[in-house]
Amino acid sequence: MAETKPDGNNVEVAYTPSSRERIPGGIAVAAFLAAFVGTFTLAVVNVFTVASKDFNAWVHGVGKLWMPGAAGIGPYSGKETLALIGWLGGWIVLHFVLRKKDLEVGRWFVAFLVGLGIATTLIWPPVYEHLAELIKGH
C-alpha cells in the first residue's frame, strides 16, 4: 500500500492487523480499584482502631481468628486481615462489574495513584492521630 506524504512523495507502508483479541480496559481498572479499596480499608481501620478501644479489640480478635502469632503483633493482624478482605472482595466484585467495559486505563491509573496517595496519607501518624482525636470528640 502506498500513501502520499504532504510533500507529494509516495511512501510504501505495511500494516498487519493484530490477530490477538482486544482485552477490555475494565479488567485492569478493576485491579487498580481493588488495590485502592484494600489500601483505603487499611487506612480507615487504622484511624478507627486509634479512636476506639472497643473497635481496636474487635480488630485484634479478627486477626486472631486465623493468623498465627496474631497475639504477638496485636491489632495489626486484624488490620491486615480486613485490608485483605477489602482487596480480594473488591477485586472479585469489580472484576465481574467491569470486565466487559472498555475503559480508558490511563485516566483510571491516575485516579488510582491519587487514591493511593490519599490512603497512604491517612496511614501517616500525625494524620491518623489527628483524625482519631476528631472522631473521639476532643
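Where in the chain is the place of Ile23? In this predicted model, Ile23 sits in the loop between β2 (10-12) and α1, and the legends below begin with the whole protein before turning to single residues, Ile23 among them.

**Figure 1. Overall view of the predicted model, with its six helices and two strands.** Read from the N terminus on, the elements follow the order β-β-α-α-α-α-α-α. The protein is more spread out than a compact globule, because its radius of gyration is 23 Å, well over the 14 Å that the globule rule gives for 138 residues. Along the principal axes, the C-alpha trace spans about 75 × 30 × 25 Å. Of the contacts between residues at least 6 apart in sequence, 64% join residues at least 24 apart.

**Figure 2. Surface and charges of the protein, with an exposed area of about 9,400 Å².** Carbon and sulfur atoms supply 66% of this exposed area, while buried residues make up 28% of the 138 residues. The protein carries 11 positive and 10 negative charges, and the mean positions of these two groups are 9 Å apart.

**Figure 3. Close-up of the aromatic cluster formed by Phe32, Phe109 and Phe112.** These three phenylalanines, Phe32, Phe109 and Phe112, belong to one aromatic cluster, and a search of the whole structure finds seven aromatic pairs. In describing a pair of aromatic rings, one gives the distance of the centres and the angle of the planes.

**Figure 4. Close-up of Glu3 in strand β1, which covers residues 2-4.** Glu3 counts as partly exposed because its relative accessibility is 42%. Once its neighbours within four places in sequence are left aside, Glu3 is in contact with Asn9, Asn10, Val11 and Val13. For one of these partners, Val13, the C-alpha to C-alpha distance from Glu3 is 7.0 Å, with a separation of 10 residues in sequence.

**Figure 5. Close-up of Ile23 in the loop between β2 (10-12) and α1.** With a relative accessibility of 63%, Ile23 lies over the 50% cut-off and therefore counts as exposed. Its C-alpha atom is separated by 9.6 Å from that of Lys101, although Ile23 and Lys101 are 78 residues apart along the chain.

**Figure 6. Close-up of Asn46 in helix α1, which runs over residues 26-51.** Asn46 has a relative accessibility of 9%, which is under the 20% cut-off, and so Asn46 counts as buried. When residues up to four places away in sequence are not counted, Asn46 touches Lys79, Ile123 and Tyr128.

**Figure 7. Close-up of Phe48, another residue of helix α1.** Phe48 counts as partly exposed, because its relative accessibility is 36%. Leaving aside neighbours within four places in sequence, the contacts of Phe48 are with Phe55 and Ile135. A further distance shown here is that from Phe48 to Glu129, which are 81 residues apart in sequence and 9.7 Å apart in space, C-alpha to C-alpha.

**Figure 8. Close-up of Phe96 in helix α4, which runs over residues 76-98.** At 54% relative accessibility, Phe96 is over the 50% cut-off and therefore counts as exposed. Between Phe96 and Val47, the separation is 49 residues in sequence and 30 Å in space, taken from C-alpha to C-alpha.

Note on methods: Residues are numbered from 1 along each chain as its sequence is written. This is a predicted model: local features need pLDDT of at least 70, side-chain atom pairs count only at pLDDT 80 or more; totals for chains, interfaces and linings use all residues. Side-chain values use heavy atoms; hydrogens and water are left out. Helices (H or I, at least four residues) and strands (E, at least two) are DSSP runs, numbered from the N terminus. The radius of gyration is taken over C-alpha atoms; the globule rule is 2.2 Å times the number of residues to the power 0.38. Buried means under 20% relative accessible area, exposed over 50%, partly exposed in between (1.4 Å probe, protein chains only). Contact means heavy atoms within 4.5 Å. Accessible areas come from the Shrake-Rupley method with a 1.4 Å probe; for residues, only the protein chains shown count as cover. Lys and Arg count as positive and Asp and Glu as negative; His and the chain ends are not counted. The place of a charge is taken as NZ of Lys, CZ of Arg, CG of Asp or CD of Glu. Rings of Phe, Tyr and Trp (its six-membered ring) pair if their centres lie within 6.5 Å; planes under 30 degrees apart count as stacked, over 60 as edge-to-face and the rest as tilted.
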